[in-house]
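Biologist: Hi! Could you walk me through this structure in plain words?
Modeller: Happy to, here it comes.

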Amino acid sequence: MASESLQDIYVEQLKDLYSAEQQILKALPKMAKAATHEDLRSAFEDHEVQTRTHVERLEKIFTQLGEKPGGHKCKGMEGLLAEGDELLEEHEESEALDVAMIAAAQRVEHYEIAGYGSVRTFANMLGLGDQADILQRTLDEEGDTDKKLTGLAETVINIDAVQE
Ligand SMILES: [Fe+2]
Ligand SMILES: [Fe+2]
């Protein structure tokens, strides 16, 4: 594969992630508001702050590449967040909704982890080590968030309340 076309795919994938992050940024305050458990609410709020940094990092990379981030909608994230919205419509605010939101949020994190893993690898293949490092930082934060959500699902949610 010519390095020119790998570069095109790299930019396309970055645009997909940029759109995904923008959509997540809109969804997180709704999820934080709907969370019953304080630790889950603060996890969503913390990730909103992190997500702003993820957007800024992508913007920095687009500037370095002489590209513009817009013009593409991530349909995968649109679908994942539409499912999240359904949960908010279908369930009353409760610990059960918290558990359901954790499941939805972990799908979002895994989507991001897949995307950032790919672009990090492409950046390395293209000899863009600095960009690979930036993307790795975001990838690590997505992974940490995923683990934090697993921890919340396992330890914070009151099993008895959910089973009632
Ligand atoms: Fe992110
Ligand atoms: Fe994320």
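Modeller: We can start with the overall fold and then turn to the metal sites.

Biologist: Anything I should know before we start?
Modeller: This is a predicted model, where local features need pLDDT of at least 70, side-chain atom pairs count only at pLDDT 80 or more, and totals for chains, interfaces and linings use all residues. Residues are numbered from 1 along each chain as its sequence is written, chains are lettered from A and ligands numbered from 1 in the order in which they are written, and side-chain values use heavy atoms, leaving out hydrogens and water.

Biologist: Cool. How many helices and strands does the protein chain have?
Modeller: There are six helices and zero strands. Both are DSSP runs numbered from the N terminus, helices being H or I with at least four residues and strands E with at least two.

Biologist: And how compact is the protein chain?
Modeller: Its radius of gyration is 17 Å, close to the 15 Å that the globule rule gives for 164 residues, so the protein chain is as compact as a globular protein of that length. That radius is taken over C-alpha atoms, and the rule is 2.2 Å times the number of residues to the power 0.38.

Biologist: What share of the residues is buried?
Modeller: Of the 164 residues, 45% count as buried. Buried means under 20% relative accessible area, exposed over 50%, and partly exposed in between, with a 1.4 Å probe and protein chains only.

Biologist: On to the metals! Which residues hold the iron ion (ligand 1)?
Modeller: Its protein donors are Glu 21 (OE), Glu 21 (OE), His 54 (ND1), Glu 112 (OE) and Glu 142 (OE), lying 2.0 to 2.4 Å from the ion. Donors are N, O and S atoms within 2.8 Å of the metal (3.2 Å for Na, K and Ca), and water is not among the atoms, so sites may look incomplete. Glu 21 sits in helix α1 (residues 3-34) and Glu 112 in helix α4 (residues 95-125), so the pair ties together parts that are 91 residues apart in sequence.

Biologist: What about the iron ion (ligand 2)?
Modeller: Here the protein donors are His 47 (NE2), Glu 109 (OE), Glu 109 (OE), Glu 112 (OE) and Glu 142 (OE), at 1.9 to 2.6 Å. His 47 in helix α2 (residues 38-65) and Glu 112 in helix α4 are 65 residues apart, and this pair links distant parts of the chain.

Biologist: How far apart are the two iron ions?
Modeller: They lie 3.4 Å apart, and Glu 112 bridges them.

Biologist: Is Glu 112 buried or exposed?
Modeller: Glu 112 counts as buried, at 0% relative accessibility. His 47 is buried too, with a relative accessible area of 4%.
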